[in-house]
Amino acid sequence: MFKQASWDEPVIFSRGRKGRRGHIPPKAEQEIRQALGDLNSLLPKNMQRTSRPRLPELSEVEVMRHFLRLSEMNYGVDSGLYPLGSCTMKYNPKINELLASLPSLNMLNPYQDESTVQGILEILYRLERWLAEITGTHEVCLQPAAGAHGELLGTLLMRAHHKLNGDYEKRSEIIVPDSAHGTNPASAAMAGFNVVVVPSDDDGCVSLGALKAAVSERTAGLMLTNPNTLGIFEKNIDEIARIVHEAGGLLYYDGANLNPLLCKARPGDMGFDIVHINIHKTFSTPHGGGGPGAGPVGVTEELAKFLPIPRIGFNGTRYCLDYDKPHSIGKIRGFYGNIAVLLRAYAYILSLGNEGLKEVAEVSVLNANYLMKKLQGAKGLTLPYNSVRPRKHECVFSAKLLKSETGVSALNIAKRLLDFGLHAPTIYFPLIVEEALMIEPTETFEKEELDRFTENMHKICEEAYTTPETVLQAPHNTAVSKLDEVKASHPRTMALSWRMHLKKNAQKT
Amino acid sequence: MQEIGIKSIDELYADISQKYRLKKPLNLPHALSEFEVKRHVEALLSKNKTCNDIPVFLGAGCWPHYVPAVVREIVQRSELVTSYTPYQPEISQGMLQALFEYQSMICELTDMDIVNCSMYDWASALGEAARMATRITGRKEILIPKLIHPERAVTLQVYAEPAGIVTEKLVYDKENGQINTDDLKGKISNKTAAVYIENPSYLGFIEEQVKEISREAHAHGALFIVGVDPTSLGILKPPGEYDADIVIGEAQPLGNFMNFGGPLLGIFACRDDMNIIRQMPGRIIGMTTTQDSSKHGFCMTLQTREQHIRREKATSNICSNEALCAVASAVHMALLGPEGFRELGETIMYKANYAMQRISKISRVKAPIFNSTHFKEFTVNFDEAGQSVEEVNKKLLQNQIHGGKNISEEFPEFGETALFCVTEIHSKNEIERLAEALTGILEGKSDVQASKLG
Ligand SMILES: Cc1ncc(COP(=O)(O)O)c(C=O)c1O
């Protein structure tokens with residue numbers, strides 16, 4: 001039986017005692033202090049901090065214990081199955097962590113002389129080439145910090161492309177399917193476009209009729225996830241690319257679901273002009289509870305001139321950072337990218353090679369279809385959209401029937417799964433499936449762990465009909481029972497920081 | 001495969017047209033064993049020279065600081081490292097509480113009320129802050145200092161332009177680099193969405209007219225945005241005390257290595273004002289209770305601002321962020337406490353100012369170019385010595401020392417000028433070595449120190 005640690009660990013501000021110290025930074029040498037005298041004579045009076053920051057005061061061991069206890073109240077891929085659809089929660093090889101903690105990487109400043117950073121530049125340069133090869137694009141830029149950041153870059157590239165062609169003013173629309181992730185429309189809007197939504201057909205694919213009706217001389221491009229967020233490969237990708245290109249638009253590939261295509265098929269070959277990759281999904285770098293990730297972007301030869309500066313160059317003997325790119329859109333962040341994350345991806349590709357990556361793709365698809373098969377027939381669950389077509393890396397079930405018959409919702413199922421030491425699938429996404437349960441097992445997990453998941457899913461569906469209260473009141477075995485999320489966002493009770501919490505408490509009394 | 005009823009995995013790919021199915025292996029490296037991967041990557045990385053090998057006097061937005069051992073220990077805990085965004089809060093309390101504590105401690109440092117649980121970095125946080133200010137005020141102009149980090153200025157431009165935001169630069173006082181408040185008064189109007197300053201500035205000096213700039217911004221109904229380096233906030237007045245509305249900055253120095261410029265950790269803070277909070281980008285963790293009110297707990301809040309719910313009307317597209325870096329910062333801040341922050345600030349300021357004074361004594365060298373108080377970075381000008389930064393840095397490197405960042409192209413008006421950075425990791429010895437090497441180089445004896453390699 002699973003029982004998560006449940007420490008009664010207070011917020012760190014309530015720990016410790018005045019005067020305790022956890023870490024003592026080095027002091028300036030005596031001679032330096034003497035030479036300069038009192039610092040207050042250096043600092044202008046009006047800029048001195050007069051009140052101490054109200055930070056907690058703890059000993060080193062208290063800090064260690066506090067955060068160790070917190071970590072014990074968390075669940076990761078290393079704890080067990082984490083079938084969070086669209087998030088590709090695969091195992092993060094430990095060798096990559098080890099390499100990313102080498103001082104020969106950690107201690108590098110981005111502005112160092114090129115002669116002192118040849119090693120890291122070589123790694124990044126090669127990684128760009130490998131990612132271009134894997135995605136079937138011409139050039140890859142490593143700068144974006146995450147998938148959504150890559151999307152922003154991609155939509156800015158569309159903007160730059162249409163601007164150069166002189167029809168940016170006219171091309172004000174980006175099309176996204178109704179199954180798209182929220183970042184797609186949000187990124188398009190950030191880049192200044194209006195968003196046009198096209199519906200999916202009965203097969204869960206982009207409706208060609210609707211797409212034809214949506215494109216026009218206002219179309220800047222289409223953003224597409226393929227396989228889409230239902231785990232279904234867009235059967236008409238050929239036709240989609242033709243429609244968009246003929247309308248003068250660009251085709252954008254949201255790479256969140258690249259895992260099942262690794263070394264099997266390439267977005268570039270399907271006509272995609274811009275491709276982002278979620279390194280923290282497909283290339284096994286850890287999600288870290290929400291980041292850091294990396295979202296490199298690959299583009300066609302025609303679009304390469306717009307990529308952010310600097311580009312990594314190589315003249316046959318030396319690597320360099322090239323800022324001389326007159327058509328570049330500029331920069332979307334400081335420096336060159338989330339390098340420590342990218343290094344892990346480099347090691348991952350090197351560990352697997354073409355055959356290994358292909359196997360990753362295949363096993364991820366096999367696992368997803370196995371789960372799909374095993375879950376079909378679970379009482380109250382249905383598989384919307386073409387239920388015979390194989391899925392790729394993930395499948396999406398609906399708990400709509402279950403909810404109407406028992407009152408148990410996708411949310412309740414998710415919470416109940418936690419009780420068995422399993423993470424929940426993604427729920428309520430994609431939006432086109434009511435009571436959605438989006439399940440992505442990845443290639444990581446062995447049959448026994450997958451079976452444990454499906455068995456418990458069946459059990460929960462049974463419970464929904466026999467003892468619904470057990471499911472409705474779940475979770476029971478996690479660090480805390482079900483949380484009041486409404487209270488957390490209500491202006492009267494909202495406490496977004498410790499000081500806000502103290503203020504609200506003071507008002508109450 | 002038996003269970004699914006297939007004979008080959010390729011059957012599961014049958015719906016992908018043959019013309020897209022790869023027939024040949026891609027041009028990728030051959031798979032290596034774990035040991036070989038390790039040896040290969042180590043060999044490549046060992047071609048680098050780091051600030052562990054030679055003293056490096058570079059910062060400029062990504063700074064060398066000591067990361068305490070406890071920080072490393074915590075951010076290697078696999079329950080934290082291998083978890084996703086805490087969508088299921090009941091099983092993710094550890095991450096959520098740590099992030100809430102990060103937010104809360106940054107609040108205390110900056111004297112602000114609300115902090116999101118991270119942006120990608122300072123530069124993108126600036127872009128988001130500008131967009132947020134225009135949403136709040138309905139205005140489209142942002143005033144920024146001329147002496148801004150060029151990478152931040154470009155990023156801001158790229159983020160702002162699609163939203164129709166125009167940025168204008170405020171000139172500085174030639175003598176001390178401070179923002180010219182007459183210029184501010186001339187440029188500010190009821191079209192100004194926000195005035196942005198950095199403290200310490202890109203060139204390392206402290207902007208002192210904060211109250212006046214703040215007053216000027218607010219008098220015109222504009223927001224006041226301040227960018228900070230948090231290592232200064234143990235000794236420097238926090239922006240909340242001079243009425244900043246939005247505070248951004250770079251928290252990489254708190255618990256995170258430089259890693260050649262990433263990952264970084266963008267700070268984003270604001271005041272307790274619902275009109276402002278509703279426009280915040282990014283995730284915010286809040287404190288709540290269990291539904292039966294028996295226990296406190298944490299979860300993501302105000303998600304109706306975010307892309308997964310609001311889609312194209314979201315306050316930002318940000319999804320994955322820099323959460324684990326924020327945890328590192330939380331641990332570092334908890335270790336330092338108020339006293340540690342004061343000491344850290346003092347040490348940095350002592351060492352940097354000592355280095356500055358020491359270099360300024362070298363003949364025909366001007367350090368700094370502005371007569372203001374400097375925190376951890378300062379400018380050094382070689383015009384009088386008749387040498388370019390490039391030449392000087394090259395010779396320094398021959399002496400196994402890495403000089404400051406060459407800013408001659410970014411700011412041609414300063415001539416041959418470099419931006420040096422000194423933190424708590426630089427010893428007095430290294431500072432002396434730098435000063436002696438510079439003396440030798442500028443007097444044409446560049447190999448003086450070559451024999452003393454450490
Ligand atoms: C389909 C899809 N697109 C885009 C994103 C955004 O990626 P990131 O979180 O790296 O910004 C996600 C992440 O959840 C996703 O699932």
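Which residues does A:His162 touch, not counting residues up to four places away in sequence? The legends below take up this question and then visit other spots in the model, which is a predicted one.

**Figure 1. A buried histidine in helix H6 of chain A.** A:His162 belongs to helix H6, which covers residues 147-164 of chain A. With a relative accessible area of 1%, A:His162 is buried, because buried means under 20%. Leaving out residues up to four places away in sequence, A:His162 touches A:Asp167, A:Tyr168, A:Arg171, A:Thr219, A:Ala220, A:Gly248 and A:Leu250.

**Figure 2. A salt bridge between A:Arg15 and A:Glu9.** Over all chains, the structure holds 61 salt bridges, and this view shows one of them. Side chains of opposite charge can pair when their charged atoms come close. Here the N to O distance is 3.0 Å. The two partners sit in different surroundings: A:Glu9 is buried at 3% relative accessible area, whereas A:Arg15 is partly exposed at 26%.

**Figure 3. A salt bridge that links distant parts of chain A.** The side chains of A:Glu173 and A:Arg218 meet with an N to O distance of 2.9 Å. A:Glu173 lies in strand E2 (residues 173-177), while A:Arg218 lies in the loop between helix H8 (208-214) and strand E4 (219-225), and the two residues are 45 residues apart. A:Glu173 counts as buried at 11% relative accessibility, and A:Arg218 counts as partly exposed at 37%.

**Figure 4. A salt bridge within helix H9 of chain A.** The closest N and O atoms of A:Glu239 and A:Arg242 are 2.6 Å apart. Both residues belong to helix H9 (residues 237-246), and because they are three residues apart, about one helical turn separates them. An α-helix has 3.6 residues a turn, so residues three or four places apart point the same way. Both ends of this salt bridge are partly exposed: A:Glu239 has a relative accessible area of 24%, and A:Arg242 has 36%.

**Figure 5. A network of salt bridges with members in chains A and B.** From chain A come A:Arg33, A:Arg52 and A:Glu57. From chain B come B:Glu339, B:Arg342 and B:Glu346.

**Figure 6. Helix H11 of chain A packed with helix H1 of chain B.** Two packed helices are described by the angle between their axes and the distance between the axes. For H11(A) (residues 339-375) and H1(B) (residues 34-45), the angle is about 140° and the axes are 10 Å apart. The two helices are therefore oblique to each other, and their crossing is right-handed. On the chain A side, the contact involves A:Leu343, A:Tyr346, A:Ala347, A:Leu350 and A:Ser351, which meet B:Val37, B:His40, B:Val41, B:Leu44 and B:Leu45. Sorted by class, eight of the residues in this contact are nonpolar, two are polar and none is charged.

**Figure 7. Helix H2 of chain A packed with helix H11 of chain B.** H2(A) (residues 60-72) and H11(B) (residues 323-360) meet at an angle of about 150°, with axes 9 Å apart. These helices are therefore roughly antiparallel to each other, and they make a right-handed crossing. H2(A) contributes A:Glu60, A:Val63 and A:Phe67 to the contact, and H11(B) contributes B:Ala330, B:Val331, B:Ala334 and B:Leu335. By class, this contact has six nonpolar residues, no polar residues and one charged residue.

**Figure 8. The mostly covered helix H13 of chain A.** Of the nine residues in H13(A) (residues 410-418), eight are buried. Among them are A:Asn412, A:Lys415 and A:Arg416, along with A:Ile413 and A:Leu417. The cover over these buried residues includes helices H12 (400-406), H14 (447-466), H15 (468-472) and H16 (485-489), as well as strands E11 (426-427) and E12 (436-439), of chain A.

**Figure 9. Two cis peptide bonds in chain A.** One joins A:Gly291 and A:Pro292, with omega about 0°. A:Pro292 sits in the loop between helix H10 (279-282) and strand E7 (297-299). Another runs from A:Ile309 to A:Pro310, with omega near -5°. A:Pro310 is in the loop between E7 and strand E8 (311-314).

**Figure 10. Positive phi at A:Tyr428 and B:Asp243.** A:Tyr428 is not a glycine, yet its phi is positive, about 60°. A:Tyr428 lies in the loop between E11 and E12 of chain A and is partly exposed at 34% relative accessibility. In chain B, B:Asp243 has phi near 65°. B:Asp243 is found in the loop between strand E5 (223-228) and strand E6 (246-250), and B:Asp243 is partly exposed at 41%.

Terms used: Residues are numbered from 1 along each chain as its sequence is written. Chains are lettered from A and ligands numbered from 1 in the order in which they are written. This is a predicted model: local features need pLDDT of at least 70, side-chain atom pairs count only at pLDDT 80 or more; totals for chains, interfaces and linings use all residues. Side-chain values use heavy atoms; hydrogens and water are left out. A salt bridge is a side-chain nitrogen of Lys or Arg within 4 Å of a carboxyl oxygen of Asp or Glu. Buried means under 20% relative accessible area, exposed over 50%, partly exposed in between (1.4 Å probe, protein chains only). Helices (H or I, at least four residues) and strands (E, at least two) are DSSP runs, numbered from the N terminus. Contact means heavy atoms within 4.5 Å. Axes are lines fitted to C-alpha atoms, for helices over the stretch in contact, and angles run from 0 to 180 degrees between N-to-C directions. Angles under 35 degrees count as roughly parallel, over 145 as roughly antiparallel, 65 to 115 as roughly perpendicular and the rest as oblique. A crossing is left-handed if the near helix is turned anticlockwise from the far one by less than a right angle, and right-handed if clockwise. Ala, Val, Leu, Ile, Met, Phe, Trp, Tyr, Cys and Pro count as nonpolar, Asp, Glu, Lys and Arg as charged, and the others, Gly among them, as polar.
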